[in-house]
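Here is a short report on a two-chain complex. Please look over the sequence and the structure before reading on.

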Amino acid sequence: MSLEGKLALVTGSGRGIGRAIALKFASQGADIVVNFFRHRESAEQTARDVEALGVKAEVIRANVGDAAKIDELFDMIGNKFGRLDILINNAASGVGRPMADIDVKAWEWTMDINVRACLLCAQKAAKLMEGRGGKIVSISSLGSRFVLPNYTVVGVSKAALEALTRYLAIELAPRGICVNAIAASAVETEALKFYFKEGLVKDSHQATPAGRMVIPEDVANVVAFLCSEEAFMIRGQTVVIDGGTSVGVFALAGKQE
Amino acid sequence: MTIEEQVREIIAKITRVDKSIITRESTFKEIKADSLDVVQALVAVEETFGIEIPDEEAQKFQNFGDFVTYVENKVAQGQKV
């Protein structure tokens, strides 16, 4: 699969899943816009690693939870490149609290970054894809359909993101834009270490029929496929990447030997 | 208004505490700022002063005074985003 000559924006690509996607695309020949918000050093490292693969990288700071910053981000891409071929809505945030402790501020913070940003970025991206088509993939999580401790507002935001993906897929289809999402179980990243205690990571490993946790490269491989022409007829879907966790009863019965 | 007074006002507004209780020695916990409050304060301060405060630096702040000192130094350097 080649992405030679394509331009991809990966939001939140300094670290973790976003970084792995940026490097995967770069290895297939795409130039990358590396977006970040809080971790400049990581973003600049991703850019250096992208460039080492022989393609161009542009680092742009923007808080996608702020609509005005999304305007600035796309104005910069429009002015510099005049086009966009791939948008990956990866940037995410969240407030890990029990249902009873979620206040308006925590709700809005999470929803603005995890859902509203994906709509606004898709609107802007579609304009830069005008006449050339494109691909949009958003990163969801299994928390959209399964209940995780202290994950209420993030889980709800991811469910909304998956619904948004379906609407975008239909509305943007006539413009040659393929829209899909992926939902992964717990992925081994810095963010996961931050959000969950060590015990949950071990549990996820135990509960995964595939025998190991999902790593960022697993996600990047599927996202790259969804952005290829081979996936042209897949629209509005959320592809689950979980090593079989969600189709088994391992959470109840333990891993089968 | 000094930089310290401006940062104090921003934090007081976000955490809804009386700004008079925020001293240079106050920790974020004492100001009742949770992790979301801290991020929102960082963003508001960045926009007010046209500077950038990476998380790697912010995590080193032990108290309000550290935060203010960092902002004062960044503003003095004239670093723009």
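What pLDDT does chain B average? This is a predicted model, and chain B averages a pLDDT of 89. Of the residues of chain B, 96% score at least 70. For the complex, the predictor gives an ipTM of 0.78 and a pTM of 0.90.

**Strand 4 of chain A**

Strand 4 of chain A covers residues 86-89. I86(A) and I88(A) point one way from the strand. L87(A) and N89(A) point the other way. All four are buried.

Strand 4 of chain A has strand 1 and strand 5 of chain A as parallel partners. The table sets out the two pairings.

| Pairing in chain A | Bridges | Direction | Residues standing opposite |
|---|---|---|---|
| Strand 1 (residues 7-10) with strand 4 | Three | Parallel | A8(A) and I86(A) |
| Strand 4 with strand 5 (residues 134-141) | Four | Parallel | L87(A) and I136(A) |

Helix 4 (residues 104-128) of chain A belongs to the link as well: strand 4, helix 4 and strand 5 of chain A make a right-handed β-α-β unit.

**Nonpolar cores**

The largest nonpolar core has 69 residues. A8(A), I32(A), V34(A) and V223(A) have the most contacts inside it. Helix 4 of chain A gives the most to this core, with eight residues. A second, separate core has 15 residues, including V39(B), A41(B), L42(B) and F67(B).

I32(A) touches A8(A), V10(A), A22(A), F25(A), A26(A), V50(A), V55(A) and A57(A), leaving aside residues up to four places away in sequence. A8(A) thus appears twice here: I32(A) touches A8(A), and A8(A) stands opposite I86(A) in strand 4 of chain A.

**Where the chains meet**

Seven residues of chain B are in contact with ten residues of chain A. On the chain B side, helix 2 (35-49) and helix 3 (55-58) are the elements that give two or more residues. By class, that side has four nonpolar, three charged and no polar residues.

**Two positive phi values**

N150(A) is not a glycine, yet its phi is positive, near 60 degrees. N150(A) sits in the loop between strand 5 and helix 5 (152-172) of chain A. Is N150(A) buried or partly exposed? N150(A) counts as partly exposed because it has 17 C-beta neighbours inside 10 Å.

K32(B), also not a glycine, has a positive phi of about 65 degrees. K32(B) lies in the loop between helix 1 (3-15) and helix 2 of chain B. K32(B) has 11 C-beta neighbours inside 10 Å, so K32(B) counts as exposed.

Terms used
Residues are numbered from 1 along each chain as its sequence is written. Chains are lettered from A and ligands numbered from 1 in the order in which they are written. This is a predicted model: local features need pLDDT of at least 70, side-chain atom pairs count only at pLDDT 80 or more; totals for chains, interfaces and linings use all residues. A residue is buried if 20 or more other C-beta atoms lie within 10 Å of its own, exposed if 12 or fewer, and partly exposed in between; C-beta atoms are placed from the backbone. Two strands pair if DSSP finds at least two bridges between them. A crossover is right-handed if, with the strands pointing away from the viewer, the path from the first strand over the helix to the second runs clockwise. Two residues are in contact if their C-beta atoms, placed from the backbone, lie within 7 Å. Ala, Val, Leu, Ile, Met, Phe, Trp, Tyr, Cys and Pro count as nonpolar, Asp, Glu, Lys and Arg as charged, and the others, Gly among them, as polar. pLDDT is the predictor's confidence in each residue, from 0 to 100. A nonpolar core is a set of buried Ala, Val, Leu, Ile, Met, Phe, Trp, Tyr and Cys residues joined through C-beta atoms within 7 Å.
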